Amino acid sequence: MGAFKDLLEKQDIIILDGALGTELERQGYDVSGRLWSAKYLLENPQIIQDLHEDYVRAGSDIITTSSYQASIPAFVEEGLSLDKAHEIFKKTVLLAQAAVKNVWGRLSLDEQKQRSYPLTAGSVGPYAAYLADGSEYTGSYRLSEEEFKDFHRPRIQDLLNAGCDLLALETIPNGAETEALVHLLAEEFPQVEAYLSFTAQTASAISDGTLIEEVGRLAQSSPQVLAVGFNCTAPHLIAPLLEKLKQVCDKPLLAYPNSGEVYNGVTNTWQDNPEQQLCLTDYSHLWKKQGVQLFGGCCRTRPEDIRRLAGELRT
């Protein structure tokens with residue numbers, strides 16, 4: 001590996017992509033159920049590739065695989081054989097790579113010279129995503145370190161075997177899980193490059209209450225975690241969270257928050273947030289001043305949001 005490190009050194013501004021599941025839902029696809037958008041890996045993978053292509057056209061430098069909600073146990077519980085579950089997991093990388101190749105081949109030489117060939121990040125969501133009960137927003141689940149490792153190991157291996165350029169350890173709400181992931185990379189995947197992104201409900205801690213300084217030190221200790229920050233978090237919390245993170249970690253920063261609406265895990269609906277005062281691009285300009293290098297969007301953000309980010313932040 002090394003492509004992610006090279007990109008970080010080459011570009012001051014790196015554009016990530018935006019939401020997958022909520023954007024498919026907006027387009028009329030049913031993403032209810034434990035697999036969320038990952039069920040379309042089984043039913044209609046072309047719609048996932050099409051959305052990846054939308055983000056490449058919008059200007060994303062990194063395309064994230066559709067594996068966030070996916071896991072080997074979840075696929076097996078849906079009736080797939082173990083071999084088929086691993087095959088589907090690898091397909092998430094192939095879909096993202098095909099999307100990049102298709103769009104890149106249609107760009108003019110001048111357009112290609114103005115941007116980097118997009119990387120593919122293998123999405124590694126938290127154990128909470130497998131639970132599918134909204135605990136990404138609470139972090140209230142407990143496993144031993146070995147249980148966390150056993151859960152994450154096979155899908156990380158599948159993503160790497162399929163050829164992803166880096167891992168996106170994202171929406172992590174749990175301190176113990178953070179520690180297990182950092183240890184797993186060091187012990188079993190020492191050549192892997194990754195970024196680590198937390199989710200938070202307050203300005204001082206990730207979702208389970210673990211202080212930002214604690215998880216920040218974990219990120220700082222890992223030579224494989226090349227960037228760190230926050231996603232699936234309300235935009236107005238990002239700035240104070242980044243300030244706390246910067247006190248203990250000097251790695252490149254990232255921010256790809258929700259649209260600003262608040263998800264109600266009981267009713268499975270999105271509600272307006274009265275504390276949301278600015279749009280994503282306005283907030284991103286503020287985060288840029290704080291030293292953020294990687295920008296994107298999470299739930300309820302769209303390709304058009306990414307297009308605006310790319311257009312404004314790169315000027």
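**Salt bridges within helices α9 and α14**

Glutamate 304 is partly exposed in the predicted model, its relative accessible area being 36%. This residue forms a salt bridge with arginine 307, in which the closest N and O atoms lie 2.9 Å apart. Arginine 307, at 37% relative accessibility, likewise counts as partly exposed, and because the two residues are 3 positions apart in helix α14 (residues 303–313), about one helical turn separates them.

A second pair in helix α14 is made up of aspartate 305 and arginine 308, which are also 3 residues apart and thus separated by about one turn of the helix. Their closest N and O atoms are 2.6 Å apart in the salt bridge that joins them. With a relative accessible area of 17%, aspartate 305 falls under the 20% cut-off and is therefore buried, whereas arginine 308, at 37% relative accessibility, is partly exposed.

In helix α9 (residues 145–161), aspartate 150 and arginine 153 are placed 3 residues apart, about one turn of the helix, and their side chains meet in a salt bridge with an N to O distance of 2.8 Å. Aspartate 150 has a relative accessibility of 45% and counts as partly exposed, as does arginine 153, for which the relative accessible area is 23%.

Beyond these pairs, a network of salt bridges links Glu145, Glu146, Lys149 and Glu187. In total, the structure holds 16 salt bridges.

Note on methods. Residues numbered from 1 in each chain as written. Predicted model: local features only at pLDDT ≥ 70, side-chain atom pairs only at ≥ 80, totals over all residues. Heavy atoms only, no water. Salt bridge = Lys/Arg side-chain N within 4 Å of Asp/Glu carboxyl O. Helix = DSSP H or I, 4+ residues; strand = E, 2+ residues; numbered from the N terminus. Buried < 20%, exposed > 50% of the residue type's maximum accessible area, 1.4 Å probe, protein only.
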